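Here is a guided walk through one protein model. Keep the sequence and the 3D view open as you read.

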Amino acid sequence: MYATRELNEYAGSRQYLFAHFPKIERHYRMRFTVETIEKTRLYQMDKPYWDSLPCLQIENKGSSTIDEALKLAKEGPINFRIGYFNNEFFSEFSQYMIEKNFLVTYIPREKDGFYLPKMPEQEITIDKELKPFQPMTFLDCADLEKVTLKNGSLNKQHPLCKWFISWSAIITRDFFYFGIQLTNELLSEAQAANKVIAVNEILDRLRDLLPEEARPPKNLDISLESFYPVGGHV
């Protein structure tokens, strides 16, 4: 990344930042988790540089950097969308930067929703329980009924997500594929009715496998109401 970053000057558009070696990502399919990113200390070693790169879309302004967003946030909360890039690493890294600089709440809207960031009173430390996941996999949201948000994140306030986060270390250690399947099903593009069946079957299986204190209560089973309608239909 450091050896090639100056090549960004020759990118055809902002979408193609750091997209110089696409085969690396295609072949190795790394999961850029919070834990992985923090182990590299890439952000901490060159924070001014990264904070000067466009990584989010601010409402009524457009493409913005962390530096620009921080200045605007001092005047009051701002609405923004995540900036998605052709490069998988930079897309995930952008979300990590956002999590390290803002307290983010998802706001449901008719289309894809926005994030409302607030300035933290002190340095942000990402919860240890969330570090095995990719940045912004789980977000705070005032709507407690929806488990999957329109942007492709999971609702950190939903009872099912609270349970999963609390016991994810045990699930990942002992029943890794069930944990992966659970989040994959929730975030898949399948119809909600199919997600309901698949997720509740996984929960039933975990009720048989997990230690008694970790087993998901039956009231954590999801329903069609757990998802936002897509195009007027669930």
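Helices (H or I, at least four residues) and strands (E, at least two) are DSSP runs, numbered from the N terminus. Two strands pair if DSSP finds at least two bridges between them. The model is predicted, so local features need pLDDT of at least 70, side-chain atom pairs count only at pLDDT 80 or more, and totals for chains, interfaces and linings use all residues. Residues are numbered from 1 along each chain as its sequence is written, and side-chain values use heavy atoms, with hydrogens and water left out.

Start with the whole. The protein has 9 helices and 7 strands. Of its 234 residues, 44% are buried. Buried means under 20% relative accessible area, exposed over 50%, and partly exposed in between (1.4 Å probe, protein chains only). Contacts come next; a contact means heavy atoms within 4.5 Å. Take the contacts between residues at least 6 apart in sequence: 60% of them join residues at least 24 apart.

Now go to the hairpin. Strand E1 (residues 54–58) pairs with E2 in the antiparallel sense, over 4 bridges. The two strands form a hairpin with 3 residues between them. Asn-60 sits in that turn and has a positive phi of about 70°. Is Asn-60 buried or exposed? Asn-60 counts as exposed, because its relative accessibility is 81%. Ile-78 is 18 residues from Asn-60 in sequence, and their C-alpha atoms are 10.0 Å apart in space.

Stay with E2, which covers residues 62–65 and includes Ser-63. Which residue is the bridge partner of Gln-57 in E2? The partner is Ser-63. Ser-63 is partly exposed, because its relative accessible area is 38%. Leave aside its neighbours within four places in sequence, and Ser-63 is in contact with Pro-54, Leu-56, Gln-57 and Glu-68. Arg-81 lies 18 residues from Ser-63 along the chain, and the C-alpha atoms of the two are separated by 9.5 Å.

Move on to strand E4 (residues 103–107). In a regular strand the side chains alternate between the two faces of the sheet. E4 shows this alternation. Val-104 and Tyr-106 point to one face and are buried. Leu-103, Thr-105 and Ile-107 point to the other face and are not buried.

E4 has partners too. Strand E5 (residues 114–118) pairs with E4 in the antiparallel sense over 5 bridges. Strand E6 (residues 138–141) pairs with E4 in the parallel sense over 2 bridges. Follow Tyr-106 across both pairings. In E5, its bridge partner is Tyr-115. In E6, Tyr-106 stands opposite Cys-141. From E6, step to strand E7 (residues 154–155): 2 bridges join the two, and they run parallel. Here Leu-139 stands opposite Asn-155 in E7.

Cys-141 leads to the cysteines. Cys-141 is buried, because its relative accessible area is 3%. Cys-55 also counts as buried, because its relative accessibility is 0%. A disulfide is a covalent bond between the sulfur atoms of two cysteines. Here the test is a pair of cysteine sulfur atoms within 2.5 Å. How many disulfides does a search of the whole structure find? The search finds 0.

Last, look for enclosed space. On a 1 Å grid over the protein atoms alone, a cavity is a set of points where a 1.4 Å probe fits but cannot get out; lining residues have an atom within 4 Å of a point. Grid points are joined across faces, edges and corners, and a volume is the space filled by probe spheres set on the points. The whole structure holds 2 cavities of 30 Å³ or more.

The largest has a volume of about 40 Å³. Its lining includes Val-34, Glu-99, Ile-126 and Phe-138. By class, that lining has 7 nonpolar, 2 polar and 1 charged residues. Ala, Val, Leu, Ile, Met, Phe, Trp, Tyr, Cys and Pro count as nonpolar, Asp, Glu, Lys and Arg as charged, and the others, Gly among them, as polar.

The second largest cavity holds about 30 Å³ of space. Phe-138, Leu-154, Cys-161 and Leu-186 are among its lining residues. Helix H7 (159–174) and helix H8 (176–187) each supply at least two residues of this lining. The lining divides into 7 nonpolar, 1 polar and no charged residues.

How values were computed:
On a 1 Å grid over the protein atoms alone, a cavity is a set of points where a 1.4 Å probe fits but cannot get out, and a pocket is an open set with protein on both sides within 12 Å along at least five of seven lines; lining residues have an atom within 4 Å of a point.
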